Amino acid sequence: MKYRFSVLATTALLGFAAASAHANTTLRVAVFPKLDQEIKDVLPEWKKLHPDVDVKVSALAIGDHHNAMTTALATGSDLPDVMAVEVGFIGRFAAGGGLENLARAPYNAGQYKDQFIHYTFAQATTEDGAIVGMPADIGPGTLFYRKDLLDKAGVTEADLTRSWDSYLAAGQKIKKATGAYLLASARDIEDIYIRADLKEGEGVYFDKKGNPVVTSPRFVKAFELAKKTRELGLDAKITPWSNEWAEGFKRGTISTQMMGAWLGGHLSSWLAPDTKGLWRATNLPNGAYASFGGTFYSIPAKATQKALSWEFIKFLTTRQDIQLDSFQSIDAFPALLSAQKSDFFAQPVSFLGGEKARVIWRDAASHIPSIQRSKYDQVAEEAVHSALDKVVDGNEDIHTALQEAQDDITHRVRR
Amino acid sequence: MSDLMSQSEASVLEPREALPFPAAGRRRLFADPRKVAPYFFIAPFFLLFAAFIAFPLLFSLFLSFQSWDATSGLSGMKWVGLSNFTFTLTDHWFWKSLYNTAYMAITSGVPQHLIALPLAFFLQTCFRRWRNFVVGLYFLPFITSSVAIALIFSSLYSTDFGMINLAISEIAKLPGLHWIQPDHHIDWLYNATTVKPSVSVVIFWRYVGWNTVLYLSALQTIPGELYEAAKIDGASGWQQFRLIVLPLLKPMIFLAVTLSIIGGLQLFEEPFILLPNEGMGTGQSGLTTAVYMYRTAFHDGDFGTASSIAWLLFVAITGLMWLNTRIFNRGGMKEAGK
């Protein structure tokens, strides 16, 4: 009996060993929608190159995804092999030291720098020169507007974009003729203005030494514009991504929206599909160029299959056909320059009434400056937004509110 | 075998004749399974308690003395002593959130009890056959998911498309009521002045049924003879309520108020879902301390400060508990014990 047992055991062990020799390795990828859809679409391509590597994709809503990644990085357990990080979080994740530095060997990500739109690489590079993520997609800022509402009010596209003052004047005409608001929230104008005229290497809220600069004239003018927008009754006081915002698009009560180019995809799929053909896209007013969003793929420092992760990331980001495919399927504007040269860009966009919007966006992307990121950007943004609320809702004086925000930020950053 | 069983154990476990015990000489090395078995039975609860309640509690206390950016991993913790606490105590957003929390706790909590108690008395005296059904209706909001409630209410409160503003417009069309109509639609959840009352209404609506059930169950312990004796003595309904019900209900009022204080100070779900920007609202007008703690941890990435907020909130709740006990316990519990 003992003898038979040991024979059985040995056979079983040999069987397992044989099986594992042929078993596929699994690569775990954690993303947020709609990147999961995109990865599933390109998996067959990947399988051709690496038939023995399975890719397991997990996706959570964008906020939950970053919370989950924070928790995973905190404990070092349950980390994915590749994680998608949105631009708003990359600063924080990078500062924590939880992401692999891709500038070093064997990755040498710096060699790809010239192949991408230049500001995206800067976004993923820390002050010490560590590259913590490869750019996957970008969000060139654009102005979407309802052509039919503009026509009714007798306003042209040039009126909208000539200057901020002409933008607001156009908004008044639109309000009078159609009753529609110019924009969803006065905060949008403030957010764009403070990013609009930055020079290369400047930060939005902080200077190079890390001191907050929210009392500078740039912020004062931004607040003045926002206050004027509210006083003229041009904003719908709606927060983006809320149900009311979606309703505003469906019912045509919001006539323009400044956001990343990817909003076009959202508008056509779920926000307001019935308004097809009524929207157009153009550059931001007053020659402003800004970036909205953007995704990076990173490798956690404690991941176990880093070489394989790097292969997958290169597959997703440096291959022109994959980048183009993701643009076509999920509207993710490619960060790779060679992908932007495709004929696809010259094709008319049917949702935007046949406008060749992608060419406009490609051109806008090339003008966006590299902005210095800080770990405290989100803290500063919150302080500035509350100051703005006090000014437009509570009639507080602009300079007092900005000084309070400045003190707040200084207080927090000192930690 | 009989010397293994003591008299106390005989009633707990049935004796078994052929226990697979080792030889008598090695018996002392193995614990008696009948003595050890109870510990195995209660172990699941204690394991879960240790893992999900005790450990997070102690870790949070430990964290409040550290500076920790979670994404740097467990090794990234730095001891900073009381620095997190001094920062929080000098942070005017924290004090603002405490003010908001206290305001909403009071404006939602006080009406809950003022209405629940007479309502319970009313249900006790006037409903007999339908009582359970009516109580069930009042209890329904309590058992409904708070996320579902908050989503529905945020649609109701919507400025341009919500039913409440629509109803006001419609009512204002009735003759003589046109003065109700405000200049423009009220931004219930957006305007700093209307945010807190709007959220308080939702919380009140949700918990009034729970308090009614509590008071109703306490009312049912009052013997009917007291009411009859009072009626014979010529007491009116109001006097019966004031002189019989209230004093005898003091322990239950104490319990219900305690639960309201704790729940009110820990307000998170309703503000988080109803208010824009994940609970921040406009200019922190609806920010509660629990939401602020969540944002400090996950939005700003500062787990140490967030833990200090949690413990300072705990101190606040404990303080109010003590006050509550002093007010109610001076009479309440001792009287009921007589």
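A crossing of two helices is right-handed if the near helix is turned clockwise from the far one by less than a right angle, and left-handed if anticlockwise. The exercises below use a predicted model.

**Exercise 1. Classify the packing of α4(B) against α10(B), and give the handedness of the crossing.**

Solution.
- Locate the helices. α4 of chain B covers residues 92-126, and α10 of chain B covers residues 237-265.
- Take the geometry. Their axes come within 10 Å and cross at roughly 150 degrees.
- Apply the cut-off. Angles over 145 degrees count as roughly antiparallel, so α4(B) is roughly antiparallel to α10(B).
- Add the hand. α4(B) passes α10(B) in a right-handed crossing.
- List the contact. α4(B) contributes T101(B), A105(B), S108(B), G109(B), Q112(B), H113(B) and F121(B). α10(B) contributes F241(B), V245(B), A256(B), V257(B), S260(B), G264(B) and L265(B).
- Sort by class. The contact has seven nonpolar and seven polar residues, with no charged ones.

**Exercise 2. Do the same for α5(B) and α8(B): orientation, hand and contact residues.**

Solution.
- Locate the helices. α5 of chain B runs over residues 131-143, and α8 of chain B over residues 192-219.
- Take the geometry. The packing angle is about 130 degrees, and the axes are 6 Å apart.
- Apply the cut-offs. Roughly perpendicular ends at 115 degrees, and roughly antiparallel needs over 145. The pair α5(B) and α8(B) is therefore oblique.
- Add the hand. The crossing of α5(B) and α8(B) is left-handed.
- List the contact. From α5(B) come V135(B), Y138(B), F139(B), L140(B), P141(B) and F142(B). From α8(B) come W205(B), R206(B), Y207(B), V208(B), G209(B), W210(B), T212(B), V213(B) and L216(B).
- Sort by class. The residues of this contact divide into 12 nonpolar, two polar and one charged.

**Exercise 3. Decide whether E270(B) is buried or exposed, and find its contacts beyond its sequence neighbours.**

Solution.
- Place the residue. E270(B) sits in helix α11 of chain B, residues 269-274.
- Count neighbours. E270(B) has 26 C-beta neighbours inside 10 Å, so E270(B) counts as buried. The threshold for buried is 20 or more.
- Leave aside neighbours within four places in sequence. E270(B) is then in contact with S146(B), A150(B), V199(B), V202(B) and I203(B).
- Check one residue of α8(B). V208(B) is 62 residues from E270(B) in sequence, and the C-alpha atoms are 15 Å apart.

**Exercise 4. How many residues of α9(B) are buried, and what comes after the helix?**

Solution.
- Count. Helix α9 of chain B, residues 224-232, has nine residues, and the number buried is zero.
- Conclude. α9(B) therefore lies largely in the open.
- Move past the helix. G234(B) follows α9(B) and has a positive phi, near 95 degrees.

**Exercise 5. Inspect three backbone features in loops of chain A.**

Solution.
- Start with the peptide bond from A105(A) to P106(A). The bond is cis, with omega near 0 degrees. P106(A) is in the loop between α4 (87-96) and α5 (118-123) of chain A.
- Turn to D78(A). Its phi is positive, near 65 degrees, although the residue is not glycine. D78(A) belongs to the loop between α3 (62-75) and β3 (82-86) of chain A. Ten is the count to use: D78(A) has 10 other C-beta atoms within 10 Å, so D78(A) is exposed.
- Finish with N286(A). Its phi is near 60 degrees, again positive in a residue other than glycine. N286(A) is in the loop between β6 (279-282) and β7 (291-298) of chain A. With 17 C-beta neighbours inside 10 Å, N286(A) counts as partly exposed.

**Exercise 6. Describe each chain as a whole, then the contact of chain B with chain A.**

Solution.
- Count elements. Chain A has 17 helices and eight strands. Chain B has 14 helices and two strands.
- Take burial. In chain A, 46% of the 415 residues are buried. In chain B, buried residues make up 30% of 338.
- Take contacts with a separation of 6 or more. Residues at least 24 apart account for 77% of them in chain A and 70% in chain B.
- Test the globule rule on chain A. A compact globule of 415 residues would have a radius of gyration near 22 Å; chain A has 24 Å, which agrees.
- Add the extent. The C-alpha trace of chain A spans about 95 × 50 × 40 Å along its principal axes.
- Join the chains. The contact takes 26 residues from chain B and 27 from chain A. The chain B side has eight nonpolar, 14 polar and four charged residues.

Notes
Residues numbered from 1 in each chain as written. Chains lettered and ligands numbered in written order. Predicted model: local features only at pLDDT ≥ 70, side-chain atom pairs only at ≥ 80, totals over all residues. Helix = DSSP H or I, 4+ residues; strand = E, 2+ residues; numbered from the N terminus. Buried ≥ 20, exposed ≤ 12 C-beta atoms within 10 Å, placed from the backbone. Contact = placed C-beta atoms within 7 Å. Axes fitted to C-alpha atoms, helices over the stretch in contact; angles between N-to-C directions. Parallel < 35°, antiparallel > 145°, perpendicular 65-115°, else oblique. Nonpolar A, V, L, I, M, F, W, Y, C, P; charged D, E, K, R; others polar. Rg over C-alpha atoms; globule rule 2.2 N^0.38 Å.
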